[in-house]
Amino acid sequence: MKRKLKFVLLSACIMLMSSCGNSEGNTSTTATAGTTELITTEKQTETEVDITEEASSETESTTESDILPEQDVIADKMDYALSVGIINDTMYKRADEIISRKETARVLQNSFQHGYGKQSRYLKDMEWGVYSEVDYNRPATRYFLTQLIFFAECENYFDFDYDNYYVWAENCTYTDRSLSQGPDAALVVKEDMEGKVGESGLWSCCRDLSDIEQGTGAENEEFYVDYGCTPAVDYCLKMYDRYDGKKIVELDDEMKFRPFEELTVRDAVEAAVRYYRSFEAPAEMVSYADTYEYDKTIITDELLSKESSLPDCSCSNLPAEWHGVLISDMAWVTSQACGNTPDKHLYDYEIQAVKDSGFNFIGLMFNFSTLQGPVPEEGKLNETRLKELDRVIADCIERDIHVQLRCVGVGGSTAETPHSEDMERGTLVLSDLSYSTEFAALWKAIAQRYRNIPNKYLDFNLLVEAGVSSEDQYVEWFSPSIDAIREISPDRCIVADIHSGGITGEGMAKLGVALSAHLYEPRELYYDPSLPEEEYINKLVWPYTASDGVTYDAEKAFNKIYNGESTNNDTAEVAKKYGVGFMVGEWGTFGTTRLRKRASNEVIRSNFIDMTDYMKKMGYGWCYADAFYQYGACGIVEWVDDAEYERVEDYYLYRDVYISDLFREINGVK
């Protein structure tokens, strides 16, 4: 499957190509959105190799289409780096030579400038040799490169005083808001040499981490942050190239990082290219009214007019044929969220992997703060990120996959907002009726953008697991949003999650809104913190006898009172009574998201077959809630010891072989 060009920065690349600094004298080039600025680097010496050079008149007159051919064509990263101005021809010819520390800093400076429109003071210091105790002409190592990237990112992220470098570096490394903090949902590596793979934090999978943590010698003693700065390695193993999903640096096949291996020019440039392509396109903030149309070059008329096997849907009918999976890549806005990639690019090959397992539905979680970001402005959304949403929807339409846009967060948070505060905000605003007007305005903007997309391809879930305390509160708070959507698209399919205690869904059903319930019953089946891991895993069977003495199969699980008053089947009956649709919006993984083992394949099969057979019998469409099923029955945060994984084609994506094949069977894929 050929990777399509999905992430291009035409304006930035054009500026880099047409305004490379003069190689004579001491200048380097920075590109910002719509401007070009020359920055003088007074401390460069005559012996240093300048990585930029004056562009030819031929380049200056080149058209946009000539400047950025399909990135598939520029397969070699040295060629790519030359084409976008990361390096000049002189450095290009030195590809196999060892690169110095100062040269590495200068190459990365170009990537930093591309992303932030300014130079990094830290990288300048590394390039100029500010600290006399450090030999900047020595060869750069893999470890030194990660250090450069990490602290350059810290400089942009934190507001710490830079007057004393050593104090600043320590603050960046040990702050409670460290960029390397949090579970790693993005690091996918081999678990052993027998084909197992998985994902976990650096400390769980890097076999030569001790070389960094406990190493001695010149590399560790020469410079303060060269000793024990594992966050730099951890962070760079998470940052990814938006074009192909590869990490800026990677572990090798033996799960080793090789921290003190010297870098060639090619090694450093390949990392710089991935760093360069890790930045999203510049924000384009537009008013809600100006989001009125999706990008028709992405969601084309031809795409919408193609034949489709998807069933139609409406508020009165949620198709039983929906077999889906939850994807949360666009849900997180804060840097403390899973994987530290709050603006993660969702690749078309990931969507294809969903299709390959027979799913025709994606529960696409998104956050209004993400669409407002990176810096929220009242009354505005980021058109750049909306176009990314356009692209994901288009990729799904192309593959006959229905998208349910599931809001999981209200507006107003930024990457600097603690994740816990962002989650809490989503609950607190529901007690503030005044914010319901702003929430309605946000939904109206989404409704008007996608008003021409048929229901068979798209529906809206108002707020996942809304924490309301009564039917009246649910109706009062969300009525403005429902009215706003219907003002634009009277027939748009709208879904409400019925999740909180004492809520049956009657209030929303009376408004003609379809209902969705989440099934994680009995709760102790999915996580029991009172038991040691081995004991917990060994007791997992299906049917399952819980501590209440009841032996649960699918029917009993669906009829268990789960929110203090009603069951999933009761909610379905409410939907039937008022003539609206019903679906199982989430049903759970059999096991836990916190352990390194899982139930046996036989037990998983018994549970999955029983659950899906029952939902088929009842006429319920469903969405499996393991945030991305390829990563295994224990979710995206941890990998499990006793599962077999395999790489999907040639891409940076692994699937749990047994789970994926089981869903292929359930979904009728031959």
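# From a buried asparagine to the rest of the chain

Asn360 is located in the loop that connects helix 16 (348-356) with strand 7 (361-367). The model in which this residue is examined is a predicted one. The relative accessible area of Asn360 is 16%, and the residue counts as buried because that value is under 20%. Its side chain reaches the backbone nitrogen of His323 at 2.9 Å. Leaving aside residues up to four places away in sequence, Asn360 touches Leu310, Glu321, Trp322, His323, Asp400, Ile401 and His402.

One of those neighbours, Asp400, deserves attention of its own. Asp400 is found in the loop between helix 18 (383-398) and strand 9 (402-409). Most residues other than glycine have a negative phi. Asp400, which is not a glycine, has a positive phi near 55°. Is Asp400 buried or exposed? With a relative accessibility of 11%, Asp400 counts as buried.

A second residue invites the comparison. Glu465 likewise is not a glycine and has a positive phi, of about 50°. Glu465 is placed in the loop between strand 10 (458-461) and helix 21 (471-488). At 30% relative accessibility, Glu465 counts as partly exposed, whereas Asp400 counts as buried.

The loop of Asn360 leads to strand 7, and the loop of Asp400 leads to strand 9. How are these two strands joined? Strand 7 and strand 9 run parallel, and 7 bridges join them. Within this pairing, Phe366 has Cys407 of strand 9 as its bridge partner. Strand 9 is also joined to strand 10 by 4 bridges, and these two strands run parallel as well. Here the bridge partner of Gln404 is Asp459 in strand 10. Strand 9 is largely enclosed by the rest of the structure, since 7 of its 8 residues are buried. Cys407 is buried, with a relative accessible area of 0%.

The cysteines raise a further point. How many disulfides does the structure hold? The number is 0. Cys154 is in no disulfide, and the nearest cysteine sulfur, belonging to Cys172, is 4.3 Å away. A disulfide is a pair of cysteine sulfur atoms within 2.5 Å, so the sulfurs of Cys154 and Cys172 do not form one. Cys154 is also buried, with a relative accessible area of 0%.

Two loops contain an unusual kind of peptide bond. Most peptide bonds are trans. The bond that joins Gly373 and Pro374 is cis, with omega of about 10°. Pro374 lies in the loop between helix 17 (368-372) and strand 8 (380-382). The bond from Trp542 to Pro543 is cis too, and its omega is near -5°. Pro543 belongs to the loop between helix 23 (533-538) and strand 13 (544-545).

Further along the chain, helix 26 shows how a helix can present two faces. Helix 26 covers residues 601-618, which number 18, and from its first C-alpha to its last it reaches 26 Å, close to the 26 Å expected at 1.5 Å a residue. Which residues of helix 26 are buried? They are Val603, Ile604, Asn607, Phe608, Met611, Thr612, Tyr614 and Met615. Viewed down the axis of helix 26, these buried residues fall within an arc of 155°, so they line one face of the helix. The elements that cover them include strand 12 (514-519), helix 24 (554-558), helix 25 (568-577), strand 15 (582-587), strand 16 (621-624) and helix 27 (657-666). On the face turned away from the buried side, helix 26 carries the exposed residues Glu602, Lys616 and Lys617. Just after helix 26, Gly619 takes a positive phi of about 80°.

These local views belong to a chain of 670 residues, of which 59% are buried. Its secondary structure comes to 27 helices and 18 strands. Of the contacts in the chain between residues at least 6 apart in sequence, 77% join residues at least 24 apart. The surroundings of Asn360 offer a local example of contact across the sequence, since this buried residue touches Leu310 and also His402.

Note on methods:
Residues numbered from 1 in each chain as written. Predicted model: local features only at pLDDT ≥ 70, side-chain atom pairs only at ≥ 80, totals over all residues. Heavy atoms only, no water. Buried < 20%, exposed > 50% of the residue type's maximum accessible area, 1.4 Å probe, protein only. Polar contact = N/O pair within 3.5 Å; in protein donor to acceptor, adjacent residues only side chain to side chain. Contact = heavy atoms within 4.5 Å. Expected span 1.5 Å × (residues − 1). Arc of directions from axis to C-beta. Pairing = 2+ DSSP bridges.
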